[in-house]
Amino acid sequence: MNYLNKSIEALAKEKAVCLQALEKLTENGLSIDLSRGKPSKLQLELSMAMLDTIDHTSDLTSENGMDCRNYGGLDGIPEAKRLMAELMNTTPEHVLIGGNSSLTLMFQILSHAMTHGLAGCKPWMQVEDRKFLCPVPGYDRHFAMTEHFGFTLIPVPMREDGPDMDMVEELVEKDETVKGIWCVPKYQNPTGVVFSDEVVKRFAALTPAAKDFRIFWDNAYCVHSFEGECAVLTDIITECERQEMPIWCMNFAPPARSHSPARVFPRWRLLGKIWRT
């Protein structure tokens, strides 16, 4: 059923039918884990040998001389930065190694922007009628974060090649209260859309009305592939540099999700460098 073409009355009837079906399922006493993004047991077992690669005799000194058991290195150890740069098709200079949750990192950036602002601009909490663009359908947890901080969420239709860029450009370049946009550029959740070269280039060429506008580029599936060959996504950071444009994008990536147990190999993230203009 295509819900987009249905009337409110038809949707209400469909909701009632779905609720009845749900009630029957719950009566069976089933306990089903419907959480998303969790590797299967077989995937986790692929990397169990990693547990044996380090022991008490291992040299845990980084190539820059830092003792990796201790504090320090706020941007991450060089080896991790280089690995992530290769996976993300960028350079180590653009990489910051974060914690084990990209959503936490995104929330922290939003929180900082709310209380302290970005790029020397006033805190977002002082911006009346602040807005955030949300390609739809999209990831509910993204939307929930900006809703939590009191943003008006502006839906942007998803096309077969990415968000409606005519609408994005119109809103971003003419309204300084638009502070950001959520993007899952590769195998977009839940449609599976991969942003086309043209869409990425148009994102890179944006000239926002707000200096503190940011693209939250959640490249969660950067190393994933499904049926056929793995899709190739144009690197937005490289495209910004090619066009000699400021980098408005903050690029998050969790490649470890696909092949490593979280307790052994944290889900490293990449955060694109921000040019302050």
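User: How many disulfides does a search of the whole structure find?

Analyst: The general idea is that a disulfide is a covalent bond between the sulfur atoms of two cysteines. In this predicted model, a search of the whole structure finds zero disulfides. C240 illustrates the point, since the nearest cysteine sulfur, which belongs to C249, is 6.7 Å away, and a disulfide would need the two sulfur atoms within 2.5 Å.

User: Are the cysteines C240 and C18 buried or exposed, or something in between?

Analyst: Burial is read from the relative accessible area, with buried meaning under 20% and exposed over 50%. C240 counts as buried because its relative accessibility is 2%, whereas C18, with a relative accessible area of 37%, is partly exposed.

User: Before going on to single residues, which overall picture of helices and strands should I keep in mind for the chain?

Analyst: The chain has eight helices and six strands, and reading along the sequence gives the pattern α-α-α-α-β-α-β-β-α-β-α-β-α-β. Its C-alpha atoms fill a box of roughly 70 × 55 × 40 Å when the box is taken along the principal axes. Of the 277 residues in the chain, 41% are buried.

User: What share of the contacts in the chain between residues at least 6 apart in sequence joins residues at least 24 apart?

Analyst: That share is 65%. A single pair of residues gives a view of how sequence and space can be read together: Y221 and V184 are 37 residues apart in sequence, and their C-alpha atoms are 8.4 Å apart in space. Y221 itself lies in the loop between β5 and α8, the latter spanning 236–242, and this tyrosine is buried, with a relative accessible area of 18%.

User: Where does D218 lie, and which residues is D218 in contact with once its neighbours within four places in sequence are left aside?

Analyst: For a residue of this kind, it helps to take the position, the burial and the partners in turn. D218 lies in strand β5, which covers residues 214–218, and this aspartate counts as buried because its relative accessibility is 5%. With its neighbours within four places in sequence left aside, D218 is in contact with M106, H142, C183, V184, P185 and F252. The contact with H142 can be described further, in that a polar contact of 2.9 Å joins the side chains of D218 and H142.

User: How many salt bridges does the structure hold, and which side chain does E63 meet in one of them?

Analyst: The structure holds ten salt bridges. In one of these, the side chains of E63 and R82 meet with an N to O distance of 2.9 Å. This pair links distant parts of the chain, with E63 in the loop between α2 (41–46) and α3 (78–88) and R82 in helix α3, 19 residues apart. E63 counts as exposed because its relative accessibility is 51%, whereas R82, at 43%, counts as partly exposed.

User: Which residue forms a salt bridge with R159, and how should I read the burial of the two partners?

Analyst: R159 forms a salt bridge with D164, and the closest N and O atoms are 2.8 Å apart. Burial is best read for each partner separately: R159 counts as partly exposed at 42% relative accessibility, while D164 counts as buried at 14%.

User: What does the salt bridge between E169 and R202 link, and which residues belong to the network?

Analyst: The side chains of E169 and R202 meet in a salt bridge of 2.9 Å, N to O. The pair links distant parts of the chain, namely helix α6 (residues 165–174), which holds E169, and helix α7 (residues 197–204), which holds R202, with the two positions 33 residues apart in sequence numbering. R202 is partly exposed, with a relative accessible area of 23%. Salt bridges that share partners join D166, E169 and R202 into one network.

User: Turning to the surface, which residues make the nonpolar patch of about 660 Å²?

Analyst: The accessible surface of the chain comes to about 16200 Å², and 54% of this belongs to carbon and sulfur atoms. The nonpolar surface patch of about 660 Å² is made by L19, L22, L25, L30, I32 and L34. One of these residues, L19, is found in helix α1, which covers residues 8–27, and L19 counts as partly exposed because its relative accessibility is 47%.

Methods
Residues numbered from 1 in each chain as written. Predicted model: local features only at pLDDT ≥ 70, side-chain atom pairs only at ≥ 80, totals over all residues. Heavy atoms only, no water. Buried < 20%, exposed > 50% of the residue type's maximum accessible area, 1.4 Å probe, protein only. Patch = residues over 30% accessible without salt bridge, like charges linked within 9 Å, V, L, I, M, F, W, Y side chains within 5 Å. Areas by Shrake-Rupley, 256 points an atom, 1.4 Å probe, with all protein chains shown as cover. Salt bridge = Lys/Arg side-chain N within 4 Å of Asp/Glu carboxyl O. Helix = DSSP H or I, 4+ residues; strand = E, 2+ residues; numbered from the N terminus. Polar contact = N/O pair within 3.5 Å; in protein donor to acceptor, adjacent residues only side chain to side chain. Contact = heavy atoms within 4.5 Å.
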